[in-house]
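Me: Could you take one part of this model and go through it slowly, as I am new to it? I would like a connected account, with each term explained where it comes up.

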Amino acid sequence: MEKSHVAKMSSKRPGLILILVDQSGSMGDPYEGETKATFAAKAVNRVIYEIIRANEAGEEVKNRCSISVIGYGASVSLLVSGVIGDIAKSPARVEQIMRKVPDGAGGLVDMPWEMPIWIEPAFANGTPMAEAFELAHAEADKWVKDHTDSFPPVLINITDGQPNDMSKALSAAKELMKLRSNDGNLLLLNAHIQQAAGGEILLPISETGLQDEFSKFLFSISSELPETTLTNAKMAGFNPEGAARGFVYKAGAETLVKLLSFGSTMGDLRAEGLA
């Protein structure tokens with residue numbers, strides 16, 4: 001059988017990265033000294049920025065992928081959508097933050113830095129995860145039909161709680177995972193985030209250690225990681241075994257950032273020379 005998930009994202013064969021962000025009321029709970037919603041928004045903004053920077057060629061941004069961000073809480077909405085060159089030109093605003101940079105003498109110094117902001121923190125109401133998956137399906141389905149030979153879409157779902165309708169969410173996720181390019185099926189990764197750092201479960205190969213219905217649900221809708229992506233997982237700081245699922249449970253902030261980094265490089269988006 002021909003190996004799948006081997007295509008590299010390029011200008012000729014661009015990829016698609018979808019990020020789903022839970023914006024339900026519980027995302028207002030504390031997390032790493034701020035709210036889950038605030039940290040998740042910062043992490044997503046940072047990964048968008050890093051993807052753009054990795055694809056800069058002088059003043060041009062190579063359109064080697066498209067990005068869609070979907071928020072789900074009080075409503076389900078497409079927060080960001082487009083090729084990265086266009087996204088780079090259209091942040092919602094720019095925020096000045098302090099960033100540590102080398103001082104030239106072996107130390108670090110705080111310097112002001114302008115950070116583009118594409119999504120804002122939000123938290124309200126329930127968790128319409130099924131509807132978010134359905135919107136993601138519509139986005140990915142359109143994209144796959146136009147990019148049949150590209151690395152398949154990668155979807156990263158960030159959540160802290162159970163969907164309003166678990167059965168409906170399960171069906172919608174399974175339909176998503178059937179979408180495929182000629183290079184393989186869509187890859188669905190799930191990050192369940194929690195304030196307490198203890199008890200994290202990282203890229204499991206089975207349901208062992210998953211003690212409740214919700215964790216088993218997320219495991220069941222997480223893709224098995226292709227062999228071709230395991231190196232990327234290790235580079236992001238994970239230690240996956242064969243047949244590992246793209247799923248982290250009770251994830252602290254560091255783990256969430258690692259999963260976003262891993263998910264955004266699965267098509268060797270940053271490893272390949274610009275094309």
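Reply: **A loop residue and the helix after it**

Asparagine 125 is found in the loop between strand β9 (108-117) and helix α3, where helices (H or I, at least four residues) and strands (E, at least two) are DSSP runs numbered from the N terminus. The model is a predicted one, in which local features need pLDDT of at least 70 and side-chain atom pairs count only at pLDDT 80 or more, while totals for chains, interfaces and linings use all residues. Residues are numbered from 1 along each chain as its sequence is written, and side-chain values use heavy atoms, with hydrogens and water left out.

Asparagine 125 has a positive phi of about 65°, although it is not a glycine. Most residues other than glycine have a negative phi. With a relative accessible area of 59%, asparagine 125 is exposed (over 50%; buried means under 20%, and partly exposed is in between, with a 1.4 Å probe and protein chains only).

Helix α3 covers residues 129-146 and packs against helix α4, residues 166-178, at an angle of about 20°, with the two axes 8 Å apart (axes are lines fitted to C-alpha atoms over the stretch in contact, and angles run from 0 to 180 degrees between N-to-C directions). The helices α3 and α4 are therefore roughly parallel to each other, a term for angles under 35 degrees. In this packing Ala130, Glu131, Phe133, Glu134, Ala136 and His137 of α3 meet Lys168, Ala169, Ala172, Ala173, Glu175 and Leu176 of α4, contact meaning heavy atoms within 4.5 Å. Sorted by class, the contact of α3 with α4 has seven nonpolar, one polar and four charged residues (Ala, Val, Leu, Ile, Met, Phe, Trp, Tyr, Cys and Pro are nonpolar, Asp, Glu, Lys and Arg charged, and the others, Gly among them, polar).

Elsewhere in the chain, leucine 203 also has a positive phi, about 45°, although it is not a glycine. Leucine 203 lies in the loop between β14 (201-202) and α5 (213-220), and whereas asparagine 125 is exposed, leucine 203 is buried, with a relative accessible area of 5%. Leaving aside neighbours within four places in sequence, Leu203 is among the residues in contact with alanine 233, which lies in helix α6 (residues 230-235) and counts as buried at 0% relative accessibility.

As for confidence, the chain averages a pLDDT of 91, and 96% of the residues score at least 70 (pLDDT is the predictor's confidence in each residue, from 0 to 100).

Key:
Angles under 35 degrees count as roughly parallel, over 145 as roughly antiparallel, 65 to 115 as roughly perpendicular and the rest as oblique.
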